[in-house]
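Here are a couple of exercises to work through with the model open beside you. Try each one yourself before reading the solution.

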Amino acid sequence: MITYLEAIREAQHKALADDPRVYLYGQDIGNFGGAFKATKGLAKDFPGRVLDAPLSEDAIIGSAIGAAIDGMRPIVEMQFADFSTCGLNQIINHAATLYWRTNIPCPIVVRLPSGGTAGAGPFHSQSMEALYAHYPGLIVMTPATVEDAYSMLLEAVAIDDPVIFCEHKYLYYHLKAPALPTEALPTGKARVARQGRDMTIVAYSAMVHEALACADELASEGWQIEVIDLRSVKPLDTDTVLASVARTGRLLVVGEAFPWGGVTAEVIARVAQEGFSLLDAPPVRINAKDTPVPYHPNLWGTHRPTARTIAAEARKLLHL
Amino acid sequence: MPRVPILMPQLGESIAEATIVRLPFAAGDEVAGDIEVLEVETQKATMGVTAPCRGRIAEWTVELGKSYPVGSTLGWLEVTAEDAARLGLDEPTSAPMMPAPEEQPGESRSSTETQTVTPLVRGLPVPAQASAAGYLSPRMKARMDELGFRVTDLAGIAGSGAAGRVTIEDLEAYLRRLAEHKQTPASSMRVAVADAMRRSWSRPLATVGRMVRLDVMLAHRKQSNPKPGPALYALRALAVALGENSAPGGRLIGRKIVHPKSIDVGFAVETEDGVLVPVLRDADKTPLATMVARYHELVELGRQRRLPANAQGGSLATVTNFGTFGLEWATPIPLPEQTLVLGLGAGKIVPEWDGKSFQPATEAQITLSFDHRVLDGGAAGRLLARIAELFQTPEKL
Amino acid sequence: MSSPAAAPTSRTDHIQARYIEAYRWMLLARITEEKIATLYRGGKIVGGVFIGKGQEALSAATGMALRPGDVFAPLIRDQAGRFAFGESLLDVFRTYLGSRLGPMRGRDGNVHRGRPREGYLAMVSHLGAMVPAVAGVLLARRLRGESGTIGATCLGDGATSTGAFHEGLNLAAVEKLPLILVVANNQYAYSTPTSRQFVCADLVDRAAGYGVEGRSVDATDLAACLATLQEAADRARAGHGPQLIIASLLRLAGHGEHDDAGYVDPVLKKAARDCLTVAEQHIIGEQWATAADLKTWRMEVTRKIEDAIATTLREPPPDPGDEQWTAVSTPRLRDGFFEA
C-alpha cells in the first residue's frame, strides 16, 4: 500500500529523476528527509539537488523565483502551510505577477503541508488555499487522494506557472492506495467522487473524505448524495459543479478553511450567478469556525467540519 | 493501588501509528517517573515513551514489532494513591488528547417538529425556518417558465418541502402523473382568457345584484326597428349612468384613480373557444337606435374573429347577458383592465301585487361585479338602481 | 574622442576609457531622467517617476562591473546602471509611456521593467525582494555546474531594514553565491533619515555579521566607484561569496518627482556633491576631454533621447480589447469564470 505522503515523495523522486531542472529546497528536507519525511531518501538519491534552506521563507521562495527565471523547476517545501505567510510577499507579488508583467513564466511549486491534525494548534493547522487562490497568476491544487497527490504534483512540476500545492497533513499517513496511478485527470477538472441524485456536496482535500462518509451515512436513510472533489481550487471547475447541481438541484459546499470568503463562498457565488435556475433550495456552505484553529482535540474536532456536522446540515437541506 | 495507562503519544504531526521496537522492562519491574519505558518507531524517527509516574509495570498490552495507533493503551502502571493524587492521575477524565466526539448537531430534530420562534431581528420574531418557508425556488420558477406554468397551475400539487413547499421533484412527479392523461393543446384564445381571468382574480372582487322590471323595455323593443337586444338596453343604461357619474368606472392604480377618457363599453360575445368583448365607443353619447346596427355588426365580426382594432380593448366596463343561458344570477369577473362588469339574468314573468290583485310582470336580476378597492357596496347599489330606473324610460335611451 | 568600446593600450588608458564610458552612461541617465521628469510634469507619464540624480556614478559602475551573462536586479535610481548593463533607450520610454511594443506592454510601468531572460530582472516594489531572486538565479547556475557569472542588485539604506534583505543576504552567504549587494546610503528612505533606520556605526559593519566581504565607497567619486565595484565583481567571480558595498551620497532629488524633499537637512544639502559635476571636472582636469567635447556629447545624447521619445510617442498604447487578461501562461489553466 502507498500512503498519500509516499505518493508525494515518489512524485518528487520521479520529477528529480526525469528532469534535471528540478531541485528541492526547504527547511530540514536534506539528509533529515523533511519534518514529515516527504523528502526521505531523496538527498541521498539525488546528491546536491535536495538542499536544506535557512529559516527564511521569503528567501526560499524568492530564490526559487530567481532559479525559475534562469530555467530551473524548483519544488519548495514550506515546513507548514502556516509558515508560507513569511514568504507571502514573494509568492503573491513576485511569482504570481511575473508572467503577466514580463511574459516570462515562473514554474515553481510551493508545497504546503496543510490542514489540521489533533493538537497542532493555531500555527500548524491552517488551510491557506483561499488566500492564494485570491491572487491572479497562481495555480492552487488541493489533492484529496493518493493518486492525485502523485499525479498532480508531477503535473505541478510540469506546469509553467507557479503552483501552490496544498497537501493535507491528516491524509499523509491515514490515506492509502494499492498503487501509484498510471494516468490522471488533468488539473482543472473536478472529479465526481460519488454519484447521486438528491444533493451535491462539493469538497476538496481532506473534506472529500468527510463528505463521502456523510454520503454513506445518508445512503442508509435512502438519500443518494453526489460528491464532487474539486481537486484544484484554482482553476475551479465550475462546469462540473453546475452539471452536478443540474442533476440534483441542491448544493452543499464544504471546506476546512476559515468561513469568511474563500473557496466555499466562491463555489456558491458561481452557482448562484451561472446556475441560479438550477437551484431548488438555498445553497449551503460549511467551514471551520471563525476562530484560530484550537489546540485541544475536543475543541479541534468541533472547530472543523466532520462527516457528522456535514450530515446534519445535509439533512436540513434535503428537507427544505 | 491505582492503575494508570501508558499511552502511545502523538509522536509528531500527522503520525497515525507507531511500532513497538523495544520493551526494556517486564511486568513487575519497578520504574522511576519520567523515564523511557519503551521505544517506538514511526516513519519519521525512533522515540522513547515515558511513564507518567514512578511505579510498577503491571502489564504490557502490546507486542514487540507490532504497530498501534496513537492514543492506544500500551500497558498499565501501578502507582501509589499518593503519587496518583499528586500528579493528577487519579482523575477518571485524564483521557488521552484524542479527537473527542463532535458537538451534538441538531440532526435529531425532525423537520416537521414545531420550533420555538426566537426574536432575532430588531426584536421582531423571525421564523425558525426563514430560509425555507413556502417559496418557489429559482429552479421551480425557471421550469415553470419553460412549461408556461403559473402558480395557479401548482394548485394540484401537495408540496413535500418545508412548510408544504412544492419542490422541483414534486413538480416533476406531478408532470409524470399528468403525462398519463390525454393532453391536447389549449387554443391561444383559451390561454389568453385564462391569463386575463388569472390577472383579474388578483383583485378583491365583489358582486351585488337587484331586480329590474323589463315590461316597459320589452314594449319599447317591440315597437323598435331595428330591435335592440336586452343586453344593448343594459349597455346603454350603464353608459348613460356612467355618463352622469363616471367615478365608478375609474381604476385604482397605485395611489391614484385613473379616470376613463370616454365611456366605452364592451359586451361579451361567446365564440367557440371563449368569450370576446367588442367595444362600443362613446356609448353614453350614442342613442340606442343608432347603436343597434353597429352592435350586430360587431357581434358578427367577433364570431368571425375579425374584430377591427378600434373595437378591441380600452373599455371601462363590460355587459354580459348570462340570461341567454337561462341563468338568473351569476358573478362574472371584470376584465383585468376594467373595474366593472354588468350582468343581465334571464327574464321571467312573475305575479306582482298592484294593491288589489296579482298582475303578470316581467323582471330579471341584474348584477354588478366590481373591484372593491375602487367601489363600495353602496356606490355599486346606487349604480344598479340608476340602471334599473333607466330601464323604465327606454325611450330616453 | 575614443569610443567607450575601444581597446585600451595601457593601464592608464584602460582607466581613462572606463571612466569616460561610465561618464557617458551617467550623462545618458541624467538627461533621460530629466526628460522623464519633463514628460511626467507634462502629463504624458502617469503614476510615479523616481530619478537617480546624484547616484549615477555608483549605478554606472555597478552596471559596468557586470558582463553579458551576469544578472542584474536594479532598483529605482539605477538608470545609469541599466544602460550600462545593456538596456535600450526605447525600453525605458516604452515602459514609462506605456507603449504596447515595450517589454512591459503597459502592464507595468516606470522603473518596474526588465528582460528577465536576459538576466535583467524586473523589480517588484517591495524593497529587498530582489535579493533572494538574484541569489536564486545564481543558485540555479551553481546547480547546473555553471560558473563564471555573477549577480548584482541595488538597494537603499531603507531596504537594509527589511527581512528580505537579511534573508536574502544570509542565504547567499550560506550558499557562498557570487552576489554583489550595492547599498546606496543616500541618507533618506523617502523622508526617514538614517538615524531612524539603523543605529550601527556604519552599515558596512554588517558584512561581518553575515560573514561576507564588505566595502565602503564615496558614491560621488566615479573613479572610486569603478574601482570598488570592479574589485567586488572580481572577488565574487573568483568564488569569495557575497560582496556588500555601502556607498555614501546624498540624494539630489525628491523620493519621486512628486516630492520636494523639504525634509533634507540644509547642512547636508550644502555639503553635497553631484557625481556628474565631479566627473566632468575630473575629465577636464585630466585633459581627457575639453569642455567643448562635453557639450558635444551632451547634445548627441539629448538628440538620441529625443528621437527615442518621438518614436515611442507614435507607438500604439495597449488596447484593453486586445489584452489577453490572463495572468497564467497555461491557457487550459485559466480560471474561466469571468470570460462570460
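**Exercise 1: a sheet in chain B**

Chain B has an open sheet of four strands, ordered S1-S8-S6-S3 with antiparallel pairing. Find which strands are its edge strands, and how many bridges join strand S6 to strand S8.

*Solution.* Before you start: this is a predicted model, where local features need pLDDT of at least 70, side-chain atom pairs count only at pLDDT 80 or more, and totals for chains, interfaces and linings use all residues. Residues are numbered from 1 along each chain as its sequence is written, with chains lettered from A and ligands numbered from 1 in the order in which they are written.

Step 1. Strands (E, at least two residues) are DSSP runs numbered from the N terminus, as are helices (H or I, at least four). Two strands pair if DSSP finds at least two bridges between them.

Step 2. Strand S1 (3–7) and strand S3 (30–31) of chain B each pair on one side only, and they are the edge strands.

Step 3. Strands S6 (residues 55–60) and S8 (residues 73–78) of chain B run antiparallel and are joined by four bridges. In S8(B), B:Leu77 stands opposite B:Ile57.

**Exercise 2: the domains of chain A**

Work out how many residues each domain of chain A puts into the contact.

*Solution.* Step 1. Chain A splits into domain 1 (2–177) and domain 2 (191–318), with bounds from an automatic or database domain assignment.

Step 2. Counting contacts (C-beta atoms, placed from the backbone, within 7 Å), domain 1 of chain A gives 25 residues and domain 2 of chain A gives 22 residues.

Definitions and conventions. Contact = placed C-beta atoms within 7 Å.
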